[in-house]
Amino acid sequence: RNQEKFYEVDYFKSSFKLALPPFSLEQMGRFSYKPDSTFSVYVKDNKIELALPQKGFFHLKTNNETKDGVTFFVYESSYPKIKNSEQMILASRYIMAKKEFESCLYAPDQKAAIDKFWIDIGGSSERAKELIRKYYARVHESNKLFTSFQEGWKTDRGMIYIVFGAPNKVTKRKNGEIWTYGVAGNSASVVFSFLKVINPFTENDYYLERSEAYKEPWYQAVDMWRQGRIYLDN
């Protein structure tokens, strides 16, 4: 997009926390532009060679003043799919108690631990397989739909999509999205409002407007999963 002979590339480690519950009033740490390292790449024969060996993301700046540029996101080779037991455990945090999560994560046999978790809440191996299939399909879909500078399942929209399922209605606005679970205008419906965040890396970054009013519907949805039932099986 310009005739520079070299470009600066900022590298950011991808170690972001997953989304907080929708009723949490704890302040979410907003992303600040502080790269972990910076290096330069040079134009040769009208080409740029850029090796991306580490997980995280790389921002090649075409304008140092505005931080405009091109961003490359690096994930596991299996991404956006969930391929191993550790990834399964991490993505199950939304419906796990803290002790359960830590017990699974630090278990000598992570596969046996996460299998036991799903069998315990499903009541049988067959039911556990169905719960696993549905839950991680939502994780996979969240990664495809909501990935920004972090994995899609870790984002606010990913969290809601995994636990509640696909909304009955999505209203897109210039500065955000409204997700409705139920009939629009019905007082019994649950409505989530997401605000679009402007950053130089992605057009796909949205932040949930949190409220204590979400506590009851959140725990109802989580409890359904923990009773071996799929919330909004659509």
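Let's start at Glu-177, which pairs with Lys-172 in a salt bridge whose closest N and O atoms sit 2.8 Å apart. Keep in mind that this is a predicted model. The two partners sit in contrasting settings: Glu-177 is buried, at 5% relative accessible area, while Lys-172 is exposed, at 63%.

Glu-177 also has a salt bridge to Arg-157, at 3.4 Å from N to O. That pair ties together distant parts of the chain, with Glu-177 in strand 7 (residues 176-181) and Arg-157 in helix 5 (residues 156-164), 20 residues apart. Here both Glu-177 and Arg-157 are buried.

Across the whole structure, a search turns up 14 salt bridges. One of them joins the side chains of Glu-100 and Arg-226, 2.7 Å from N to O. This one reaches across 126 residues, from helix 2 (residues 98-105) with Glu-100 to helix 6 (residues 215-226) with Arg-226. Glu-100 counts as partly exposed, with 25% relative accessibility, and so does Arg-226, with 29%.

Now for the surface. Leu-52, Val-70 and Phe-72 make up a nonpolar patch there, together offering about 200 Å² of accessible area. Val-70 belongs to strand 5 (residues 68-74) and is partly exposed because its relative accessible area is 36%, between the 20% and 50% cut-offs.

Finally, take a look at the second largest pocket, which holds about 240 Å³ of space. It has 16 lining residues, and Lys-55, Glu-76, Gln-87, Leu-90 and Glu-151 are the ones nearest its centre. The lining of this pocket is a mix of 6 nonpolar, 5 polar and 5 charged residues.

Conventions:
Residues are numbered from 1 along each chain as its sequence is written. This is a predicted model: local features need pLDDT of at least 70, side-chain atom pairs count only at pLDDT 80 or more; totals for chains, interfaces and linings use all residues. Side-chain values use heavy atoms; hydrogens and water are left out. On a 1 Å grid over the protein atoms alone, a cavity is a set of points where a 1.4 Å probe fits but cannot get out, and a pocket is an open set with protein on both sides within 12 Å along at least five of seven lines; lining residues have an atom within 4 Å of a point. Grid points are joined across faces, edges and corners, and a volume is the space filled by probe spheres set on the points. Ala, Val, Leu, Ile, Met, Phe, Trp, Tyr, Cys and Pro count as nonpolar, Asp, Glu, Lys and Arg as charged, and the others, Gly among them, as polar. Patches are made of residues with over 30% relative accessible area and no salt bridge: like charges are joined within 9 Å, nonpolar side chains (Val, Leu, Ile, Met, Phe, Trp, Tyr) within 5 Å. Accessible areas come from the Shrake-Rupley method with a 1.4 Å probe; for residues, only the protein chains shown count as cover. A salt bridge is a side-chain nitrogen of Lys or Arg within 4 Å of a carboxyl oxygen of Asp or Glu. Helices (H or I, at least four residues) and strands (E, at least two) are DSSP runs, numbered from the N terminus. Buried means under 20% relative accessible area, exposed over 50%, partly exposed in between (1.4 Å probe, protein chains only).
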